[in-house]
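Trainee: Could we go through this structure together, one question at a time, with the cut-offs stated as we meet them?

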Amino acid sequence: MKRHVGKAEEWKNVMNARELLLQSLNEESYNECLKRFANLCACFIVFVGYVHNTWLTPFKEKFVQAWANRVIHLGNTTTNRYTNSMNCLISLTLLVIFNI
């Protein structure tokens, strides 16, 4: 039986993969989650390149738990403007791509 995945479900899967990527506790799980994220977005190679080159490569130390938890932060794991801006950009990009 061929399974058809609707755009809303695709978007939800991509967002879940993104959350798992950001919540990676070590480099090994980060790399696995990054592969899963890239595979889910394989049709949208420009989007994957944008996320990887614009956010993950230069800034992963700021918001991926595997790196962010290496420093003493006393429970403060977000800089609201940065986090909110990143989430907004990714959400808007996904909305445009999946036409939701």
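Trainee: Which residues in α3 are buried?

Mentor: This is a predicted model, so local features need pLDDT of at least 70 and side-chain atom pairs count only at pLDDT 80 or more, while totals for chains, interfaces and linings use all residues. Residues are numbered from 1 along each chain as its sequence is written, and side-chain values use heavy atoms, with hydrogens and water left out. Buried means under 20% relative accessible area, exposed over 50% and partly exposed in between, with a 1.4 Å probe and protein chains only. By that rule the buried residues of α3 are Phe47, Val48, Val51, Trp55, Leu56 and Phe63.

Trainee: Where does α3 bend, and by about how many degrees?

Mentor: A straight helix of 19 residues would span 27 Å (1.5 Å times one less than its number of residues), whereas α3 spans only 23 Å between its end C-alpha atoms. The bend at a residue is the angle between axes fitted to the seven residues ending there and the seven starting there. A proline, Pro58, follows the bend within four residues, and the bend itself is at Leu56, by about 50 degrees.

Trainee: How many helices and strands does the protein chain have?

Mentor: Helices (H or I, at least four residues) and strands (E, at least two) are DSSP runs, numbered from the N terminus. Along the sequence the pattern reads α-α-α-α-α, and the count is five helices and zero strands.

Trainee: Which helix gives the most to the largest nonpolar core?

Mentor: A nonpolar core is a set of buried Ala, Val, Leu, Ile, Met, Phe, Trp, Tyr and Cys residues joined through side-chain atoms within 4.5 Å. The largest one has 22 residues, of which Val14, Phe37, Phe47, Leu56, Phe63 and Leu94 touch the most other members. At least two residues of this core come from each of α1 (7-22), α2 (27-40), α3 (45-63) and α5 (80-98). The helix that gives the most, with six residues, is α3.

Trainee: Which residues is Val14 in contact with, leaving aside its neighbours within four places in sequence?

Mentor: Contact means heavy atoms within 4.5 Å. Val14 is one of the core residues that touch the most other members, and its contacts are Phe37, Leu40, Cys41, Phe47, Leu94 and Phe98.

Trainee: Why does Ser24 count as buried?

Mentor: Ser24 is found in the loop between α1 and α2, and its side chain reaches the backbone oxygen of Leu21 at 2.8 Å. A polar atom of that side chain also lies 3.2 Å from the backbone oxygen of Leu20. Not counting residues up to four places away in sequence, Ser24 touches Ser29, Tyr30, Cys33, Val64, Gln65 and Ala66. Ser24 counts as buried because its relative accessibility is 2%.

Trainee: What is the relative accessibility of Cys33?

Mentor: Cys33 lies in helix α2 and touches Leu20, Leu21 and Ser24, not counting residues up to four places away in sequence. Cys33 counts as buried, since its relative accessibility is 9%.

Trainee: Which side chains meet in a salt bridge?

Mentor: A salt bridge is a side-chain nitrogen of Lys or Arg within 4 Å of a carboxyl oxygen of Asp or Glu, and by this rule the count comes to one. Of its partners, one is partly exposed at 31% relative accessibility, namely Glu19, and the other is buried at 8%, namely Arg18. At 3.1 Å, N to O, the pair is Glu19 and Arg18.

Methods
Polar contact = N/O pair within 3.5 Å; in protein donor to acceptor, adjacent residues only side chain to side chain.
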